[in-house]
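I opened this notebook page to keep a record of what I looked up in one structure, entry by entry. I wanted to know how its interior is put together.

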Amino acid sequence: RFAVRKCRKVVSVDTVLKRYVEKTMPAYSEKIVVIPNYVDLKVFKPMKTKKKGKKVILLPRNLTKNRGIDVMLDAFALLGRKDAELWVAGTGPLQPMVKKAAANNANIKFLGHRDHYEELPALYNAADVVVVPSRGVEGTSLAVLEAMACGKAVVASRVGGIPDIISDGKDGVLCEPRAGAFAEAIRKVLDGDNRAMARNGLSRAMQFSFERWSASWLDFFGA
């Protein structure tokens, strides 16, 4: 509140702050400028991949409670699919939990740290669906944008700035950050024809280019 009152302008990466100010401090709402993050479209893009046996659910997250790691592990258990694997790429405090789950289920693959630019693009492209089960605050989710830029179906939580990116059912799927909701949404994606959704997601990701992002900042500073 202090920053909003004292600053001439405040930049937010999503509409959450703007909506909050419009509701609680309407006189200051014009101060909030939304400039979303960008996705590197030269790096994150559709690539040809070798055909694989099982379907792949990719969870590219920091392994923290807020990122919904436990939600996805429970969702995968509920999903009960022998024809699908859950790939977990990332590190963090919940790493022991993921390693334990992987030790007890051969269809859970703990990949650990993967280089953001050198390795993640190939992982996105190898996936059939990318999941972002964030439990709380999430800005312009790079995981969502990167997956969409690679032409992949995304199932993500209806929290923070994620609904700014995804139109539910058109270019991705939104659901509550609960295991049952994610399991059902993933089941529908795996069993359905999601080519149109993937194409729409790719088109949506194109709107978050570096060029548009940099132009917004230049405009903000009056360059």
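The entries below concern a predicted model, and they go from cysteines to cores, then to a helix pair and a single serine.

**Entry 1, cysteines.** I searched the whole structure for disulfides and found 0. I then looked up two cysteines by their accessibility: Cys-7, at 34% relative accessibility, counts as partly exposed, whereas Cys-175, at 7%, counts as buried.

**Entry 2, the largest nonpolar core.** I noted that this core holds 32 residues, and that Ile-57, Met-72, Leu-86, Val-131, Val-155, Phe-182 and Ile-186 are the ones touching the most other members. At least two residues of the core come from each of several elements, including the strands S3 (55-60), S4 (84-89) and S7 (153-157) and the helices H3 (69-79), H4 (95-104) and H8 (179-191). The largest share comes from H8, which supplies 8 residues. I also found another core lying apart from this one, with 30 residues, among them Cys-150, Val-154, Ile-162 and Ile-165.

**Entry 3, Met-72.** Setting aside residues up to four places away in sequence, I listed what Met-72 touches: Ile-57, Leu-59, Leu-86, Val-131, Pro-133, Phe-182 and Ile-186.

**Entry 4, helix H3.** Is H3 enclosed by the rest of the structure or open? I count it as largely enclosed, because 8 of its 11 residues are buried. Those buried residues are Ile-69, Asp-70, Val-71, Met-72, Leu-73, Ala-75, Phe-76 and Leu-79, and they pack against S3, S4, H4, strand S5 (108-112), S6 and H8. Just after the helix, I noted that Gly-80 takes a positive phi of about 60°.

**Entry 5, H3 against H8.** The two helices pack at an angle of about 55°, with their axes 8 Å apart. Because that angle falls neither under 35 degrees nor in the range 65 to 115, I recorded H3 as oblique to H8. The crossing of H3 and H8 is right-handed. On the H3 side I found Val-71, Met-72, Asp-74, Ala-75, Leu-78 and Leu-79, which meet Ala-179, Gly-180, Phe-182, Ala-183, Ile-186, Arg-187 and Leu-190 in H8.

**Entry 6, Ser-141.** Where is Ser-141 found? I placed it in the loop between S6 and helix H6 (142-149). Ser-141 counts as buried because its relative accessibility is 1%, and the cut-off for that class is under 20%. Leaving aside neighbours within four places in sequence, Ser-141 is in contact with Arg-61, Val-132, Ile-162 and Ile-165.

Technical notes
Residues are numbered from 1 along each chain as its sequence is written. This is a predicted model: local features need pLDDT of at least 70, side-chain atom pairs count only at pLDDT 80 or more; totals for chains, interfaces and linings use all residues. Side-chain values use heavy atoms; hydrogens and water are left out. A disulfide is a pair of cysteine sulfur atoms within 2.5 Å. Buried means under 20% relative accessible area, exposed over 50%, partly exposed in between (1.4 Å probe, protein chains only). A nonpolar core is a set of buried Ala, Val, Leu, Ile, Met, Phe, Trp, Tyr and Cys residues joined through side-chain atoms within 4.5 Å. Contact means heavy atoms within 4.5 Å. Axes are lines fitted to C-alpha atoms, for helices over the stretch in contact, and angles run from 0 to 180 degrees between N-to-C directions. Angles under 35 degrees count as roughly parallel, over 145 as roughly antiparallel, 65 to 115 as roughly perpendicular and the rest as oblique. A crossing is left-handed if the near helix is turned anticlockwise from the far one by less than a right angle, and right-handed if clockwise.
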